[in-house]
Amino acid sequence: MEQAALGWPTAGALALAVATALLWDVRFGEPPARLHPVVGMGWMLATLGRRVAPPPGAPVGPGRAFAAGALAWTIGAAGVVALAWALQALLGRAPWWAQGLALGVLLKPLLAWRMLRDEVAAVEAALSLGLQAARMQVARLVSRDVQALDEAGVRQAALSTLAENLNDSVVAPLFWFALVGLPGAALYRWANTADAMWGYRGVRSGRDWTFAGRWAARADDALSWLPARLTAILLLAASGRGVAWHALHAQARRTPSPNGGWPMGALALRLGVRLVKPGVYALNEAGRPPQPADTARALAWCDRAVAGWGALLVAGLAGVAMLGRPS
């Protein structure tokens with residue numbers, strides 16, 4: 001009853017929610033955009049962004065721009081967390097199984113494995129139609145300039161996105177959900193979306209994000225720190241073989257992000273390919289260019305990683321629920 005009064009789900013409800021969300025994702029994919037909470041977060045961030053980031057050359061000091069970005073991020077995060085907590089609390093007195101099913105439906109839009117998988121597979125399919133078709137397809141996944149990419153560059157962009165977003169779209173949201181419930185997953189998705197829209201060093205879309213987006217970038221780094229390393233371990237386990245930790249650490253340090261290099265480096269080392277973003281990073285430079293079979297293998301490993309992560313969380317939460325039952 002105390003958990004219900006606080007709006008805190010039981011471990012059994014959390015376990016069922018994780019299973020429900022993953023099964024719903026596999027079966028139905030994404031909800032319509034008008035009902036998608038992450039789309040709503042993007043709209044809110046775009047609206048706030050026009051107010052906090054100055055135009056290039058505007059007489060706004062770094063401290064003021066940073067404070068505006070941090071304050072806007074915090075206000076938005078508080079609203080997202082409050083809404084998620086209220087929805088979770090509404091379910092607090094329902095039977096654990098009903099609570100778990102409902103939480104799973106609410107959790108699903110905060111993770112996106114099927115969409116990520118389908119988009120990466122579509123890049124490989126587009127390559128069979130021609131380089132320009134593949135460039136157009138991979139442009140849906142990345143923010144880099146795709147017009148100069150050759151066939152290997154298109155695959156490198158797709159595989160890098162697959163590895164990095166395995167963390168951002170699946171592992172990290174579920175990690176925070178298991179720890180803090182729906183507010184945890186919602187906060188992570190807010191932070192990750194804010195980083196994608198605000199976390200730039202320089203000008204983007206007519207706004208200078210050098211200081212205004214710094215808080216958003218650091219918040220995402222902090223919330224992704226442990227999940228990103230877990231994602232690398234999950235990928236290696238799913239591939240059936242590990243790599244030397246010092247070798248993986250050396251690759252991870254090559255990216256500007258303190259987190260993205262871990263899953264990308266793990267995938268590059270296990271596939272034996274190089275993953276390059278010109279002017280930004282080069283992972284496993286001694287590797288070969290990726291081939292069609294590498295995309296198929298990477299997708300299969302990620303499928304196993306998602307299934308394994310889900311099974312670990314469900315089993316762990318179910319175990320906590322069993323330990324908490326009165327004897």
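**Close-up views of a predicted model**

**View 1. Ser205 sits in the loop between strand 1 (203-204) and strand 2 (207-208).** Before you zoom in, keep in mind that this is a predicted model. Ser205 isn't a glycine, yet its phi is positive, at about 55 degrees. Is Ser205 buried or exposed? With a relative accessible area of 70%, Ser205 is exposed, since the cut-off for that word is over 50%.

**View 2. Asn284 is another residue with a positive phi that isn't a glycine.** Here the angle is about 50 degrees. You'll find Asn284 in the loop that runs between strand 4 (281-283) and helix 13 (292-324). How does Asn284 count, as buried or exposed? Its relative accessibility is 13%, so Asn284 counts as buried; the limit for buried is under 20%.

**View 3. Ala152 meets a pair of prolines from elsewhere in the chain.** Ala152 belongs to helix 8, which covers residues 151-180. Leaving aside residues up to four places away in sequence, Ala152 touches Pro289 and Pro290. Now look for Arg288, which is 136 residues away from Ala152 along the chain. In space, the C-alpha atoms of Ala152 and Arg288 are 9.6 Å apart.

**View 4. This is the second largest pocket, with about 350 Å³ of space in it.** Its lining has 17 residues, and the ones closest to the centre are Pro37, Leu83, Leu87, Leu106 and Leu110. Which helices each supply at least two lining residues? They are helix 3 (37-52), helix 4 (62-90), helix 5 (96-107) and helix 9 (182-198). Helix 4 gives the largest share, 5 residues. As for chemical character, the lining splits into 15 nonpolar residues, 1 polar and 1 charged.

**View 5. Zooming back out, the protein chain has 13 helices and 4 strands.** Its radius of gyration is 20 Å, close to the 20 Å the globule rule gives for 327 residues, so the chain is as compact as a globular protein of that length. Taken along the principal axes, the C-alpha atoms fill a box of roughly 60 × 55 × 40 Å. Of the 327 residues, 48% are buried. If you look at contacts with a separation of 6 or more, 71% of them join residues 24 or more positions apart. The accessible surface of the chain adds up to about 15,200 Å², and carbon and sulfur atoms account for 65% of that.

Definitions and conventions. Residues numbered from 1 in each chain as written. Predicted model: local features only at pLDDT ≥ 70, side-chain atom pairs only at ≥ 80, totals over all residues. Heavy atoms only, no water. 1 Å grid on protein atoms, 1.4 Å probe; cavity = no way out; pocket = protein on both sides within 12 Å on 5 of 7 lines; lining within 4 Å. Points joined across faces, edges and corners; volume = space filled by probe spheres on them. Nonpolar A, V, L, I, M, F, W, Y, C, P; charged D, E, K, R; others polar. Rg over C-alpha atoms; globule rule 2.2 N^0.38 Å. Buried < 20%, exposed > 50% of the residue type's maximum accessible area, 1.4 Å probe, protein only. Contact = heavy atoms within 4.5 Å. Areas by Shrake-Rupley, 256 points an atom, 1.4 Å probe, with all protein chains shown as cover.
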